[in-house]
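Morning, everyone. I have one structure to walk through today. Please have it up on your screens.

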Amino acid sequence: MIKVTELTKKYARNVAVDHISFEVQKGEIIGFLGPNGAGKTTTMRMLTCFLPPSAGSATVAGFDVLEQPLEVKKRIGYLPETPPLYPEMDTTEYLTFVGKLKGLSGSELRGRIDYVCERCAITDVRHKLLGRLSKGYRQRVGLAQAIIHNPDVLILDEPTAGLDPKQINETRDLIKGLAGDHTIILSTHILPEVEQTCQKVMIINRGKLVATDSVQNLQSRARGAELVLVEVAGRNGNLDSATVQRRLEQIAGVSRVIFKETHQNRNMFEVESQKGFLRGDLARAVVEAGWDLNELRPTAMSLEEIFLQLTGEEVTDKAAAKGGQ
Ligand SMILES: Nc1ncnc2c1ncn2[C@@H]1O[C@H](COP(=O)(O)OP(=O)(O)OP(=O)(O)O)[C@@H](O)[C@H]1O
Ligand SMILES: [Mg+2]
C-alpha cells in the first residue's frame with residue numbers, strides 16, 4: 001500500500017531524512033518512533049505530498065507522491081502535529097468544508113459527517129466553535145477530518161500528544177478500531193502505545209531508519225544481547241547487593257548488571273550479556289560464592305530499552321534537547 005525507496009529530504013546542508021526505504025502492507029498499522037528532530041514529521045509530510053522529496057520516491061496505492069499528488073491525496077488522510085482547525089468554524093461547518101475539499105457533497109457528505117462524528121466521539125460538540133474546544137476534542141476533530149473521505153491510508157503525526165490519560169486511551173482505541181479498514185502509520189513518543197497498538201515498528205534516528213520489524217522480532221534481536229533476571233539470596237543473614245552485583249559483573253560475557261530490588265534478603269538483578277553466553281556460568285558463579293540462586297529467567301527487552309539502545313538517546317535528554325533547539 002505504501003512503498004518508500006531511498007526517500008531523502010535536505011534542508012540547506014542539513015539532511016532531515018536520509019535515504020530511507022520501507023513498505024507498509026494493506027491493513028497494517030505501523031508505529032514510527034524516533035527522538036525529537038529524527039525526521040518523522042518530514043517523512044510524513046513527504047508521504048502526504050506537503051513537501052517534495054529531495055531524492056528518492058514514495059508511492060501510495062501505486063501512485064507517486066511527486067507525479068500524481070492528487071491521486072495520492074484522495075487516498076490519504078493526514079493528521080498533522082497540529083490539527084489544521086479554523087477557530088471561528090463549528091465542528092459541523094469545518095467537517096463540511098473539509099469534506100467538500102475532498103470531493104464529497106450532498107447526502108454522501110452528510111452521511112460521512114454523521115459517521116466520523118460518531119466514530120470519533122465528537123457528536124456532542126458538533127455545534128461548538130473549534131476555538132472553544134479542549135485539546136482532546138480538537139485532536140479528535142483532527143482525526144475526524146483525516147478520515148472524512150474514507151481514505152485507504154492514514155498518516156497520524158503524534159495523535160495522542162498532549163492528551164490526558166483517559167483521552168489517550170480513547171484515541172488509542174479509536175485508532176485500533178480504524179486499523180482493519182485502513183493502513184496506518186502513526187508517530188509517537190509513547191512506547192507502550194506502539195507495543196499495544198501497532199504490529200510493526202520503524203525506528204528513525206538522525207534521518208536514518210535504524211530498525212523496521214515486528215515488535216516481537218525487534219525485542220529478540222536487539223544488539224544480539226540477552227537479558228536474564230536473576231534472584232540471589234544469602235544463606236545466612238543479610239546479603240549485600242553491591243557485593244553480588246560486583247561478582248556478577250566479573251563473569252565473562254556479561255555486559256551490564258542492573259540492580260532491581262531487595263526483598264527480605266533476596267536481591268533481584270537484570271543481567272545483560274552477549275548472545276550465546278552460558279547461563280550455567282552465571283549459576284555457577286552464584287553458587288560458588290556461597291549464595292542461593294532462587295531464580296534465573298530470560299526476559300525480553302522492553303521496546304523502550306531497544307529504542308534507547310538504537311538511538312543512543314536518553315528519554316529525559318530528548319525533552320531538554322527540544323527546549324534548547
Ligand atoms: N522547514 C525546515 N527547515 C529547515 N530544517 C527543518 C525544517 N523542518 C524540519 N527541519 C529539520 O529537519 C529535522 C527533522 O525534523 P522533523 O520535524 O521531521 O523531526 P521529528 O522526528 O518530527 O521530531 P519531533 O519528534 O520533535 O516532532 C530536524 O533537524 C529539523 O530541525
Ligand atoms: Mg514531528
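Start with the contacts in the chain. Take pairs of residues at least 6 apart in sequence: 67% of their contacts join residues at least 24 apart. A contact here means two C-beta atoms, placed from the backbone, within 7 Å. This is a predicted model, in which local features need pLDDT of at least 70 and side-chain atom pairs count only at pLDDT 80 or more, while totals for chains, interfaces and linings use all residues. Residues are numbered from 1 along each chain as its sequence is written, and chains are lettered from A and ligands numbered from 1 in the order in which they are written.

Now the overall dimensions. The C-alpha trace spans about 80 × 45 × 40 Å along its principal axes. The chain holds twelve helices and 14 strands. Those are DSSP runs, numbered from the N terminus: helices are H or I with at least four residues, strands are E with at least two. Of the 325 residues, 36% count as buried. Buried means 20 or more other C-beta atoms within 10 Å of the residue's own; exposed means 12 or fewer, and partly exposed lies in between, again with C-beta atoms placed from the backbone.

Next, confidence. pLDDT is the predictor's confidence in each residue, from 0 to 100. The chain averages 86, and 91% of the residues score at least 70. Where is confidence lowest, and where is it highest? The lowest is helix α12, residues 315-324, at a mean of 40; the highest is helix α1, residues 40-47, at 97. Over residues 314-325 the pLDDT is below 50, and this stretch has six contacts in the model beyond near neighbours in sequence. Where pLDDT is low, the predicted coordinates should not be read in detail.

On to the sheets. One open sheet has four strands in the order β2-β1-β4-β5, with antiparallel pairing. Two strands pair if DSSP finds at least two bridges between them. β2 and β5 (63-64) stand at the edges with a single partner strand each, so one side of each has no neighbour in the sheet. β1 (residues 2-11) and β2 pair antiparallel over seven bridges. Within that pairing, L7 has I20 of β2 as its bridge partner. Helix α1 packs on this sheet, touching β1, β2 and β4 (55-60), and its direction makes about 120° with that of β1. For angles, axes are lines fitted to C-alpha atoms, for helices over the stretch in contact, and values run from 0 to 180 degrees between N-to-C directions.

Stay with α1. How many of its residues are buried? Eight of eight. Among them are K40, T41 and T42. Right after the helix comes C49, with a positive phi near 70°.

That brings us to ligand 1. Twelve residues surround ligand 1, and the closest are Y11, A16, K40, T41 and T42. The test is a C-beta atom, placed from the backbone, within 6 Å of the molecule. β2 (14-24) and α1 are the elements that give two or more residues to this shell. The largest share, three residues, comes from α1. By class, the shell has three nonpolar, seven polar and two charged residues. Nonpolar covers Ala, Val, Leu, Ile, Met, Phe, Trp, Tyr, Cys and Pro; charged covers Asp, Glu, Lys and Arg; the others, Gly among them, are polar.

Now the second sheet. Six strands form an open sheet, ordered β6-β7-β8-β3-β9-β10, with mixed pairing. Its edge strands are β6 (76-79) and β10 (208-214), each paired on one side only. Neighbouring strands turn by 15° against each other on average, direction ignored. Inside the sheet, β3 (residues 29-33) and β8 (residues 183-188) run parallel, joined by five bridges. L33 has T188 of β8 as its bridge partner. Helix α5 (residues 135-147) lies across β6 and β7 (153-157), at about 165° to β6.

Last, two loop residues. P159 sits in the loop between β7 and α6 (165-178). Why does P159 count as buried? Because P159 has 26 C-beta neighbours inside 10 Å. P159 touches residues including L79, Q139 and L186. P159 and T171 are twelve residues apart in sequence, and 7.7 Å apart C-alpha to C-alpha.

L130 lies in the loop between α4 (106-119) and α5. L130 is also buried, with 20 C-beta neighbours inside 10 Å. The C-alpha atoms of L130 and D90 are 5.4 Å apart, across 40 residues of chain. Among the residues L130 touches are Y86, D90 and R138.

How values were computed. Lists of a residue's contacts leave out its neighbours within four places in sequence.
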